[in-house]
Amino acid sequence: MERIVQVHKPAAIGMKRWGWLLLGVIGAAALPLLVNSYLTSVLVIIGIYCITTVGVSLLMGFAGLVSLAQAAFWGVGAYATGVMAVSFGISPWLGIVLGMLLSGLLAFGLGWITRNLNGHYFSLATLGFGIVLNIVLIEESDWTGGSSGLSGIPGLSFGSMSLSGDTAWYYFVWAIVLLCLFLCRNLVHSGWGRNLRSMHASQAASESMGIHTGRYRLQAFVISALFAGLSGGLYACYMSFISPAVFNFDMSIKFVIMAVLGGLVSIWGSLVGVVVVTLLVEALRQYVPVILQDSSSGGAIEVIFFGVLLVAIMVYLPNGIMGMFQKRKSNMRVNAK
């Protein structure tokens with residue numbers, strides 16, 4: 001009798017997890033019907049950010065690489081989509097694909113050049129790439145519109161049916177978010193992901209076991225850039241206007257904070273981190289100018305706030321929000337035994 005309970009217990013746990021997931025999907029599907037258009041647009045932006053942050057979580061949490069160029073690859077995807085559509089009349093769908101390919105190629109080149117760099121040296125190299133790309137976006141005004149930005153980017157459409165309205169965008173973007181999360185989850189739990197985790201734990205030990213660590217680092221870096229390129233293309237089509245000011249160093253830091261706050265121990269942590277950080281940003285933009293009675297102080301306060309938040313996360317939540325929940329779950333299992 002005891003053996004039967006042991007056999008069926010994992011199945012029961014699996015059914016419970018799928019039940020919670022189903023409830024979450026139903027709740028998310030009903031969300032646009034319960035909130036106003038402004039909050040729906042914020043939820044669309046959260047979904048777009050989440051696609052980029054999934055790549056950051058994969059790179060930092062499993063490959064052990066801290067990249068400060070994620071906003072740059074995000075910008076490459078956005079500008080490739082926008083320029084192709086505005087200047088050449090190419091379909092935005094094709095522009096998104098080309099933006100992803102261009103982001104991946106640039107990541108491959110940067111990853112190949114920096115293949116022997118580790119730790120903060122790699123981070124500084126990616127930071128330099130992001131700064132250079134931002135300067136290029138500003139200076140190449142004939143293509144990008146310079147500091148004034150690029151406007152008139154067409155939205156997406158399915159044949160004769162255009163994707164218009166925040167509610168339609170919400171369902172479309174979050175469907176892609178779920179696909180990206182499940183794709184990353186499968187990658188992490190595959191043999192490729194196990195090699196990546198072992199490399200993160202000890203590069204020397206992984207190399208002694210015959211794992212080509214440089215190849216895995218490069219692959220993870222390219223995959224992360226592909227996610228950023230996809231997110232950038234969606235952002236350009238949704239906003240219909242892009243500017244170099246969006247794809248700067250500050251945005252790369254925000255993506256890192258989102259991934260770290262959510263928890264690098266889990267791919268789902270990127271979703272949690274994006275939701276928390278984006279809602280905090282919106283709250284700061286609305287309430288800080290009112291409290292201080294100065295509309296120009298919001299940006300400075302935001303930078304200070306996120307600097308303090310990053311330090312607090314490193315000290316008090318090194319494994320992020322998901323790590324805290326996983327630790328509590330493991331403690332409950334130990335106490336149950």
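Q: What makes two aromatic rings a pair, and which residues form one aromatic cluster?
A: Rings of Phe, Tyr and Trp (its six-membered ring) pair if their centres lie within 6.5 Å. Planes under 30 degrees apart count as stacked, over 60 as edge-to-face and the rest as tilted. This is a predicted model, where local features need pLDDT of at least 70, side-chain atom pairs count only at pLDDT 80 or more, and totals for chains, interfaces and linings use all residues. One cluster is made of Tyr 49, Trp 74, Tyr 79, Tyr 235, Phe 247 and Phe 255.

Q: How many aromatic pairs are there?
A: Side-chain values use heavy atoms, with hydrogens and water left out, and residues are numbered from 1 along each chain as its sequence is written. With the ring rule above, the count of aromatic pairs is 20.

Q: Are the rings of Phe 122 and Phe 221 stacked or edge-to-face?
A: Their centres are 5.5 Å apart. Their planes sit at 75°, so the pair is edge-to-face.

Q: Which helices hold Phe 122 and Phe 221?
A: Helices here are DSSP runs (H or I, at least four residues), numbered from the N terminus. The pair ties together parts that are 99 residues apart in sequence, because Phe 122 lies in α5 (residues 120–139) and Phe 221 in α10.

Q: Is Phe 221 buried or exposed?
A: Buried means under 20% relative accessible area, exposed over 50%, and partly exposed in between (1.4 Å probe, protein chains only). Phe 221 has a relative accessible area of 2%, so Phe 221 is buried.

Q: What distance separates the end C-alpha atoms of α10?
A: The expected span of a helix is 1.5 Å times one less than its number of residues. For the 27 residues of α10 that should give 39 Å. The end C-alpha atoms agree with this, because their distance is 39 Å.

Q: How many of the residues of α10 are buried?
A: This helix is mostly covered. Out of its 27 residues, the buried ones number 22.

Q: Is Ser 103 buried or exposed, and which residues is it in contact with?
A: Ser 103 is found in helix α4 (residues 92–113). Its relative accessibility is 0%, so Ser 103 counts as buried. Contact means heavy atoms within 4.5 Å. Leaving aside neighbours within four places in sequence, Ser 103 is in contact with Phe 73, Val 76, Gly 77, Ala 225 and Gly 229.

How values were computed
Helices (H or I, at least four residues) and strands (E, at least two) are DSSP runs, numbered from the N terminus.
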